[in-house]
Amino acid sequence: MNNGIVIAGFSGIGKTELEKKYKNVIDLDAAEYIYDDTEIMHIPFEQRKGMNRKKNPNFPKNYIDAIKDAKIKYDLVLVWDRQDIITEYIKNNIDFILCYPDEKDIITYKIRYKNRGNTDEYIKWKLNQYYEKIPFFNKLCIKKIILSNNETLEDYLINNNFNLIKK
């Protein structure tokens, strides 16, 4: 039985791009589990971020279950880094690595968000969230990947000989 590596990654590190390029990687964007988007599916996914959306009553259990299932099927499972959800990972015995940018590189993330079509409100919220999360991240006694010099998660994985299988 496969036991994939779980990486809880900050927004903009390249999780979605990894999933697009490699068949042994899945990006479990929590928004697909938090919200019921059935009425706004015509709006591109990245543009839905920051919109007022209807909550899914099964969250976070549906998300935790999806992670456990994905660990069996994929070598790399990319997940959310929200503090309350990280607490759920710990409570549910999901081992994970935390990945986020070095503070000196955070401005490059503003450009990444803009380029992928996020709203200005979302971008401002994400950048503020970064500074709110850092004290919590620093307290966690787990493995961390801190990206710098415009490095993406893909760059890190390739440089550290992770077996990525192209689609």
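## Two cysteines, no disulfide

Let's start with a residue you may well have your eye on: Cys141 is exposed, with a relative accessible area of 81%. Cys99, by contrast, is buried, at a relative accessible area of 0%. Bear in mind that this is a predicted model.

Searching the whole structure turns up zero disulfides. For Cys99, the closest cysteine sulfur is that of Cys141, and at 18 Å it is too far away for a bond. Cys141 is likewise in no disulfide, its nearest cysteine sulfur being that of Cys99.

## The nonpolar core

In soluble globular proteins, nonpolar side chains tend to be buried together. Here the largest nonpolar core has 48 residues, and those touching the most other members are Ile7, Leu28, Tyr63, Val79, Tyr89 and Leu153. Leaving aside neighbours within four places in sequence, Leu153 is in contact with residues including Ile7, Leu78, Cys99, Ile145 and Leu147.

Two of those contacts, Ile145 and Leu147, belong to strand S7 (residues 144-147), where they point to one face and are buried. Lys144 and Ile146 point to the other face and are not buried. S7 pairs with strand S6 (residues 97-101) in the parallel sense, over four bridges. Leu147 of S7 is the bridge partner of Pro101.

## Helix H5 and its buried face

Which residues of helix H5 (residues 83-91) are buried? They are Ile85, Ile86, Glu88 and Tyr89. Viewed down the axis of H5, the buried residues fall within an arc of 155°, so they line one face of the helix. They pack against strands S1 (5-9), S5 (76-79) and S6, as well as helices H4 (61-73) and H7 (120-139).

Glu88 counts as buried at 17% relative accessibility, yet its salt-bridge partner Lys91 is exposed, at 58%. The closest N and O atoms of this pair are 3.1 Å apart. Lys91 and Glu88 are separated by about one helical turn, because they lie three residues apart in H5. After H5 comes Asn93, with a positive phi near 55°.

## Salt bridges at helix H1

The structure has a count of eight salt bridges. One of them joins Glu17 and Lys20, at 3.2 Å from N to O. These two are three residues apart in helix H1 (residues 15-21), about one helical turn. Glu17 is partly exposed at 44% relative accessibility, while Lys20 is exposed at 53%.

Lys21 forms a salt bridge with Glu154, with the closest N and O atoms 2.8 Å apart. Lys21 lies in H1 and Glu154 in helix H8 (residues 153-159), so the pair ties together parts 133 residues apart in sequence. Lys21 is partly exposed, at 35% relative accessible area, whereas Glu154 is buried, at 14% relative accessibility.

Notes: Residues numbered from 1 in each chain as written. Predicted model: local features only at pLDDT ≥ 70, side-chain atom pairs only at ≥ 80, totals over all residues. Heavy atoms only, no water. Core = buried A, V, L, I, M, F, W, Y, C linked by side-chain atoms within 4.5 Å. Buried < 20%, exposed > 50% of the residue type's maximum accessible area, 1.4 Å probe, protein only. Contact = heavy atoms within 4.5 Å. Disulfide = S-S within 2.5 Å. Pairing = 2+ DSSP bridges. Arc of directions from axis to C-beta. Salt bridge = Lys/Arg side-chain N within 4 Å of Asp/Glu carboxyl O.
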